[in-house]
Structure formats: C-alpha cells, structure tokens
Amino acid sequence: MTLFNIEQLQAELDHKNPRVILKKALELFDNIAISFSGAEDVVLIDMALAIRKDIPIFSLDTGRLHPETYRFIEKVRKHYHIDIELLTPDRDVLDSFVKNKGLFSFYEDGHQECCGIRKVEPLKRKLAQVDAWITGQRKDQSLDTRQAVPEVQIDTAFSTAEHQLVKFNPLLNWSSAQVWDYIEAYQVPYNELHQKGYTSIGCEPCTRAVLPNQHERAGRWWWEEGTKKECGLHAGNLKK
C-alpha cells in the first residue's frame, strides 16, 4: 500500500463510525490482528467478531500486570470463546535488565527502558508477522500525544524497509463516555479495577487510581511529564 493509498484511505475513513473503519480494515487485510489490553480493545473485539469470527487477538503479558488484569484477560477469552495470544518479554534480556537495575528503576530513570523490554520488543516481534493491526487509541486519552493521530496510518514505529505496517484506530474520535455506554449496552466484559478508581490500566507498579475529575491517564507513570506518557507501542505519537 503506497503513501498515496494511505492518504486516500484516511480521507475516506476520516471521522467515520468505528464499525465502518473496522469493516474496511478487515476487508483490506487478511493478515491483521487486534491489540488487546483495556476496555476500548474489548469494544473493538465485540464489534470485530460480528464482522469476522477468526480475527487474531493478542495481548502483552509484561509479567507485572495486576492480578485483576490477568483475570480480565481470561474473562474475555471465555466470554467470546476466542484465543488470545499472550506476548512475553525475551527472558535473557529481561533477566539481565532486572539483575543490573532491579525491579523499580523506572521511578528513577523513566519508564522507557522497562517498557522497551517488557512491551515494545515482544510487540515488535508480533507485528513483524502481520500486515496491519487494530488499536484502541482515542484522542481524548492524551491531550499531549494523541491529538494528531489519524484513523489509519503507516506505523512508522514498527515498519521496516522490507515490511510496511498499517495501523487502524477505529475508536479515535470516541470519548471515554461513549466507550462505557457501549460496554453497558452490550454487556462487554471489563477489568474490575475500573470499579476501584482506575481509569487507564497498565502494569501494577506504574498505574494507580485517579481522583474524581482527573484525566483518565493521570494514573499512568504519574511521576513523569504528560508529554512522555507513551510506552513505545505508539511511539510515533511523541513529538520530536
């Protein structure tokens, strides 16, 4: 798919309903997968399965998730009778990192190195095997890093000279309220941590509950600046 095709496709999908974007993505690509971690992603799974029953779904198991998140993954698997591929870090690289820097180095020198090992490298391995992927990114998740994200794009973070990767963001223009309206209306499974004040949920050491009226990602990497709050999965969002 050429850059011109992407621009044309983006113009076609601009501000379209998530189902329209999903249907187009699944129509264009056979070798495509959904990335699953949070509430938005289960909404996408719910929608996508109505279009294509065999859509591959994967999730990152960093080894540092909340117990509730592991139960959530299993709940989704059973609810939809689907397989969820769990991606894990390279054991040797992770062992070396923990041996040299301990388990909580990110509080001192930032989360990028830890996320790079536990999330980005496993994702990179997976995305090398597909032609396109579907994410639950939304603009209102971050005023600092996600306002310029389009509905469809060449994934510059994970494309290579030999392998061009396309990324679809069907829920881009939905609000958190719309996501939760869908979850309630269609009885979509969700992480029980949402009932304990957690809005955006990542690894246990890097996620905390937020106060009323705080932004939903305020509890992620709370010790860092808002402009740095991307773990590397959507590194292309960061301003250079």
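This report walks through the cavities and a few local features of a predicted model.

## The largest cavity

Let's start inside the protein. Searching the whole structure turns up two cavities of 30 Å³ or more. The largest cavity holds about 80 Å³ of space. Its lining is made up of T62, R64, F106, H111, C114, C115, R118, K119, C203, P205 and C206.

Which helix gives the most to this lining? That is helix α7, spanning residues 112-127, with four residues. Sorted by class, the lining of the largest cavity comprises six nonpolar, two polar and three charged residues. Among the charged ones are R64, R118 and K119.

## The second largest cavity

The second largest cavity has a volume of about 40 Å³. Around this space you will find C115, K119, G202, C203, C206, T207, R220 and W221. By class, these lining residues divide into four nonpolar, two polar and two charged.

If you have both linings on screen, look for C115, K119, C203 and C206: these residues are in the lining of the largest cavity and also in that of the second largest.

## A buried aspartate

Next comes D61, which sits in the loop between β2 (57-60) and α4 (67-80). D61 is buried, yet it has no salt bridge. How far away is the nearest side chain of opposite charge? It belongs to R118, and the distance is 7.8 Å. R118 has already appeared in this report, as one of the residues lining the largest cavity.

The side chain of D61 does have a polar partner in the backbone: one of its polar atoms lies 3.1 Å from the backbone nitrogen of G63. T62, a lining residue of the largest cavity, is worth viewing alongside this contact.

## The two ends of helix α5

Helix α5 covers residues 91-101, and D90 caps its N-terminal end. The cap can be seen in the 3.1 Å separation between a side-chain oxygen of D90 and the backbone nitrogen of D92. At the other side of the helix, just after α5, G102 adopts a positive phi of about 80°.

## E12 and a distant partner in sequence

Finally, have a look at E12, found in helix α1 (residues 3-13). Is E12 buried, partly exposed or exposed? With a relative accessible area of 37%, E12 is partly exposed, because that value falls between the 20% limit for buried and the 50% limit for exposed.

E12 also offers a nice example of a long step in sequence: V152 is 140 residues away along the chain, while the C-alpha atoms of E12 and V152 are 9.9 Å apart in space.

Notes
Residues are numbered from 1 along each chain as its sequence is written. This is a predicted model: local features need pLDDT of at least 70, side-chain atom pairs count only at pLDDT 80 or more; totals for chains, interfaces and linings use all residues. Side-chain values use heavy atoms; hydrogens and water are left out. On a 1 Å grid over the protein atoms alone, a cavity is a set of points where a 1.4 Å probe fits but cannot get out, and a pocket is an open set with protein on both sides within 12 Å along at least five of seven lines; lining residues have an atom within 4 Å of a point. Grid points are joined across faces, edges and corners, and a volume is the space filled by probe spheres set on the points. Helices (H or I, at least four residues) and strands (E, at least two) are DSSP runs, numbered from the N terminus. Ala, Val, Leu, Ile, Met, Phe, Trp, Tyr, Cys and Pro count as nonpolar, Asp, Glu, Lys and Arg as charged, and the others, Gly among them, as polar. Buried means under 20% relative accessible area, exposed over 50%, partly exposed in between (1.4 Å probe, protein chains only). Lys and Arg count as positive and Asp and Glu as negative; His and the chain ends are not counted. A salt bridge is a side-chain nitrogen of Lys or Arg within 4 Å of a carboxyl oxygen of Asp or Glu. A polar contact is a pair of N or O atoms within 3.5 Å; within protein, one must be able to donate a hydrogen and the other to accept it, and residues adjacent in sequence count only if both atoms are side-chain atoms.
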